[in-house]
Amino acid sequence: MPPSLPGPVAPGRYLRTARPWRAAAYLLTGGITGVLAFTVLTLLAVTGTVLAVVLVGLPLLAALALAGVPFAAVERRRLRLLDPGSAPLPDPHRDPDRTGLRAWGATRFREQATWRELGYAFLAATVLWPLELVAVGTALFLPADLIATPVLLALDGEQVNPLKIHGITGYPEALLCAAAGLLLLPFFLYGLGVLAGARAALARLMLGPGPGDLAVKVTELTSSRARLAAAFDAERRRIERDLHDGAQQRLVALSMTLGLARLDAPPGSALAGQLAAAHAEAGQALTSLRELVHGIHPQVLSDRGLPDAVADIADRSPIPVDTDFLLPGRLPEQAESAGYFFVSEALANAAKHSGAGRITVTGRHDGTRLTLEVADDGRGGADAGRGSGLTGLADRMSVVDGRLTLTSPPGGPTLLRVEIPCVPKAPKAPKAPKEP
């Protein structure tokens, strides 16, 4: 089976597909792009070297170093000629930290992928393209010339020279040449497939992401995710502060105004009834807003830490909750916020679906990670794949590299556990007393 094929193909079936011709097209276009690369690289190298004496050629030499980037982009797309249904080869480059040509160039110069692509461009421009054009020309011209021998003899009427080797004047010999061409054609087509597969493997090796490129991208994604989580928490706290200081205070003032208006209304009148209803509605709206503010980011979490915040939501749970925390002190804000969200969502899900009579929340820290467990004695049978709440909880924990596990056999009990990597905050040093 030619290496260019994406999967196993029977030898006879291979010739009945378009893959031999895709291999020929891949090699032929590779020869064309190689010629273009040779021309461009030669012009940049010669012109840049000559003009470098007067500093004008330095940008040309920089362009020569980066010439492999667009060439590699074309080569990655050309791989689709062999298998249009395959996934495209990933781009190994990372996005610059800033916009602009200068930032883009500085980023590319520091990447290993840039220099691999330049080496590949030089290899394609000097060695590969002659081999590809010779291979395609030989594989297609030789069998075609032999197969066309009877036709050429009929047109000439006297003699033909297939392959410019031997003169043929009779039809028996011409038919033998045509038969030999038909026999040679499958071997040449398989040869094109093998060569195209080797060429594609070299392109994937040199133009795809390497271990160093993947490590850089993983580090960037981790840092980006941490920045997004921090920005999300900051925005959430801003919303909580605005609601607490703005909308909540206005509702308190409205409730007080309605209460004073009730005192001035004649008892038993329609106006008194309407004011009483409005006063009650304002009170309910204020209660709902306070619960919303508390759910966004409770003040007790910021002031006193995770154990007290969990104890607060446990007091408000419709199911009795026992809490057991043993932590070395305050934890990073993101870890505390994620832990609070986990416990809050777990208690809400248990209250809605578990039918439990009691819930236990435990928290421990082993020096490197925070472990939280929420266990209930309910009916069990929870399935993270069927519940959007548990799925959203798992997504939220993944933001802080948390690991969520669920144990919930039918009949119960249910245990929801999360592990969040974090290191306790260093205790603040006491301020030295001022000297008199």
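# A tour from Glu336 to helix 5

Start by selecting residues 333–354, which form helix 13, and pick out Glu336 within that helix. The model on screen is a predicted one.

Colour Glu336 by accessibility. Is Glu336 buried or exposed? Its relative accessible area is 4%, and Glu336 counts as buried because that value falls under the 20% cut-off.

Next, show the side chains of Glu336 and Arg330. A polar contact of 2.9 Å runs between these two side chains.

Now expand the selection around Glu336. Which residues does Glu336 touch, leaving aside those up to four places away in sequence? The set consists of Leu301, Gly305, Leu306, Arg330 and Leu331. Arg330 thus appears both in this contact set and as the partner in the polar contact.

Move on to residues 101–109, which are helix 5. Select Ala103, Gly105, Thr107 and Arg108 there: these residues of helix 5 are buried. To see what lies against them, add residues 112–147, since helix 6 spans that range. The buried residues of helix 5 pack against helix 6.

Finally, zoom out to the whole protein. The secondary structure comprises 14 helices and five strands. Of the 436 residues, 35% are buried. Switch on the surface: the protein exposes about 24,900 Å², with 65% of that area supplied by carbon and sulfur atoms. For a contact map, take the contacts between residues at least 6 apart in sequence; 69% of these join residues at least 24 apart.

Definitions and conventions
Residues numbered from 1 in each chain as written. Predicted model: local features only at pLDDT ≥ 70, side-chain atom pairs only at ≥ 80, totals over all residues. Heavy atoms only, no water. Helix = DSSP H or I, 4+ residues; strand = E, 2+ residues; numbered from the N terminus. Buried < 20%, exposed > 50% of the residue type's maximum accessible area, 1.4 Å probe, protein only. Polar contact = N/O pair within 3.5 Å; in protein donor to acceptor, adjacent residues only side chain to side chain. Contact = heavy atoms within 4.5 Å. Areas by Shrake-Rupley, 256 points an atom, 1.4 Å probe, with all protein chains shown as cover.
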